[in-house]
Amino acid sequence: MTNAPAQLKGPSYGPAHVRRPVRTAAGRPPTVAGRAMVATSQPLATWAGLRALNRGGNAADAALAAAAMQTVVEPMSTGIGGDCFAIVWKDGKADALDAAGPAPARIDDDTPATRGPRSVTVPGAVAGWAELNARYGRLSLEECLADAIDAAERGFAVAAITAQLWAAADSPAGMPAPTLGERVTATELAATLRRIADGGPDAFYRGPVAEAIASVSWLEEEDLRAYAPRWVEPLRHNYRGTEVLELPAPTQGVAALEALGLLERMDGPTLPNRIRAARLAIEDALANVRDGVDVSHLLDPAHLDRRVQVQEQLVAEPLGGTVYIAAVDEDRMAVSFIQSLYMSFGSGVVAPGTGVVLQNRGAGFGVQGRVVAGTRPYHTIIPGMMARDGDLYGPFGIMGGPIQAQAHMQFVSSLVDDGLDVQAALDRPRFLVAGDGVHLEEGYWPEAAALEEAGEQVVLDDNAHGFGGGQAVIVQGDALIGGSDPRKDGHAGGF
């Protein structure tokens, strides 16, 4: 086995490879509110977050209510069988929650599996919910989960992009893809959520639910009983007056920050420079990010000065899908929250009788070449937070597997360098460094010829789903300015 980062190859096409164009960004204005705001990729999740605020909850309660709802209404991307991360800003201080679970403590084969029972790591999301609720919430966990339970029991109408992604996914047995507007119920999941609401995380990590998970995966019940999330110090980088915060390893958060640090050292935030910065930073992340490893040296000015002089290599990250939530309350407490099953419907394994789809985070061990028992794999999902002059500027995140660190850099640069408002920065076309080329979203297609002349292998990519989807809430004076990506079904809402 080898610990070298995987050099994944993707298809390469010239500019002539153009398929059917897709819908472009709608160009809607940002959402404005005076007191509080929630932004998600699902209308019902935004509604659930606002309901929590109206019940007297804070940003942590809003994020949890929205996260629970998304496990119901966007099951291909997220679920209680997955992991979560968060950054919480309160009273000028930031705290980071790492709720990613490890591989089993005992394994009989260290070959990484992409899907199936051996791709499952301990699901950290439910423990993460409980930890966030205990440390920061005003409402009970039961109150935060109430709307999600109701939607799962009574049914919900499937949104447009969700229907497309569900149809494109390899759904587990018993979860056929619905059509746009079709009403769907999830009664087994509702019962499990109710168990968690009544009994806390023990109702998931012990007893019948844990037994069901262990019966269909390589996890043992002891792996579930032993799990606990952790609070960690976020990584930080000041990009031209805006401090950007990310999660440390095992997430790729350092890649977003390193890319920004490298971009500062180049001759302007041009498209070629952004691509180069992203590729260099991802190369470093794939080589260095491992569970328990301190990667802060990648942000050291001396390292950045040396790194920007190096010729970048062709790299690609693992694929995956995610949901993201931004919440800010009237006290200007902010939560940047992200959770995921990794690939669509995760491992494809459902714990019988529970409605719990299990994630396939173990596929991330492919980056280091082998599964290491009791440790966590490379994680693509990353929540972001920004501050200016020690004050909250806002939570942000852009979901979508390998694009996340790259898109974080593109989003921050659009705000800081180009002065775009939050919605325009999310609407803006994106690039994706992938395999032996760079994929360009439709709005960047006019740049393809110049990039190819500079030596890039360009893919004109009309699949909007491959460029992720983000949400953000920015503090502007006494107001909150929010945005939600038109590549997803959701919106920002506030009051």
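Q: In which sense do strand S14 and strand S15 pair, and over how many bridges?
A: Strands of a sheet pair through backbone hydrogen bonds, and the pairing can be either parallel or antiparallel. In this predicted model, strand S14 (residues 384–388) and strand S15 (residues 391–399) pair in the antiparallel sense over 5 bridges. To fix the register, one can take Met386, which stands opposite Gly394 in S15.

Q: What should I look at where the chain turns from S14 into S15, and which residue there takes a positive phi?
A: The two strands form a hairpin with 2 residues between them, and in this hairpin Asp389 takes a positive phi near 55°.

Q: Is S15 enclosed or left open by the rest of the structure?
A: Of the 9 residues of S15, 8 are buried, so the strand is largely enclosed by the rest of the structure. Besides its pairing with S14 over 5 bridges, S15 is joined by 4 bridges to strand S19, and these two strands run antiparallel. In that pairing Met399 stands opposite Gly469 in S19.

Q: Following the pairing onward from S19, which strand comes next, and how is it paired?
A: Strand S19 (residues 469–476) and strand S20 pair in the antiparallel sense over 6 bridges, with Ala479 in S20 as the bridge partner of Gln476. Here too there is a hairpin, again described with 2 residues between the strands, in which Gly477 takes a positive phi near 65°. In strand S20 (residues 479–484), 5 of the 6 residues are buried, so this strand is largely enclosed by the rest of the structure. S20 also pairs with strand S1 (residues 31–33), in the antiparallel sense and over 3 bridges, and the partner of Val32 in S20 is Ile481.

Q: What is the order of strands in the whole sheet, and which strands are at its edges?
A: In a regular strand the side chains alternate between the two faces of the sheet. The sheet in question is open, has 7 strands with antiparallel pairing, and follows the order S1-S20-S19-S15-S14-S9-S8. Its edge strands are S1 and strand S8 (235–239), each of which pairs on one side only, and the twist averages 20° from one strand to the next.

Q: Which helices pack on this sheet, and which strands do they touch?
A: Helix H10 (residues 253–264) packs on the sheet and touches S8 and strand S9 (242–246), with a direction that makes about 25° with that of S8. Helix H13 packs on the sheet as well, touching S8, S9, S14, S15 and S19, and its direction makes about 140° with that of S15.

Q: Is Gln410 buried or exposed, and where does it lie?
A: Gln410 lies in helix H13 (residues 403–416) and is buried, with a relative accessible area of 7%. Leaving aside its neighbours within four places in sequence, Gln410 is in contact with Pro429, Arg430 and Phe431. Gln410 and Ala256 are 154 residues apart in sequence, yet 9.1 Å apart in space, C-alpha to C-alpha.

Q: How should I read the sheet that contains S16, and what is its strand order?
A: This open sheet has 3 strands in the order S16-S17-S18, and its pairing is mixed. Strand S16 (431–434) and strand S18 (458–460) stand at the edges with a single partner strand each, so one side of each is left without a neighbour in the sheet. The twist averages 25° from one strand to the next. S16 is joined by 4 bridges to strand S17 (residues 437–440), and the two run antiparallel, with Ala434 standing opposite Gly437 in S17. Helix H11 (residues 271–288) packs on this sheet, touching S16 and S17, and its direction makes about 40° with that of S16.

Q: How is a pair of packed helices described, and what are the values for H1 and H2?
A: Two packed helices are described by the angle between their axes and the distance between the axes. Helix H1 (residues 43–54) and helix H2 (residues 59–73) pack at an angle of about 150°, with their axes 7 Å apart; H1 and H2 are therefore roughly antiparallel to each other. The crossing in which H1 passes H2 is right-handed. Residues in the contact include Leu44, Trp47 and Leu53 of H1 and Ala62, Met69 and Val73 of H2, and by class the contact has 12 nonpolar, 2 polar and 1 charged residues.

Terms used: Residues numbered from 1 in each chain as written. Predicted model: local features only at pLDDT ≥ 70, side-chain atom pairs only at ≥ 80, totals over all residues. Heavy atoms only, no water. Axes fitted to C-alpha atoms, helices over the stretch in contact; angles between N-to-C directions. Parallel < 35°, antiparallel > 145°, perpendicular 65-115°, else oblique. Left-handed = near helix turned anticlockwise from the far one by under 90°. Contact = heavy atoms within 4.5 Å. Nonpolar A, V, L, I, M, F, W, Y, C, P; charged D, E, K, R; others polar. Buried < 20%, exposed > 50% of the residue type's maximum accessible area, 1.4 Å probe, protein only. Pairing = 2+ DSSP bridges.
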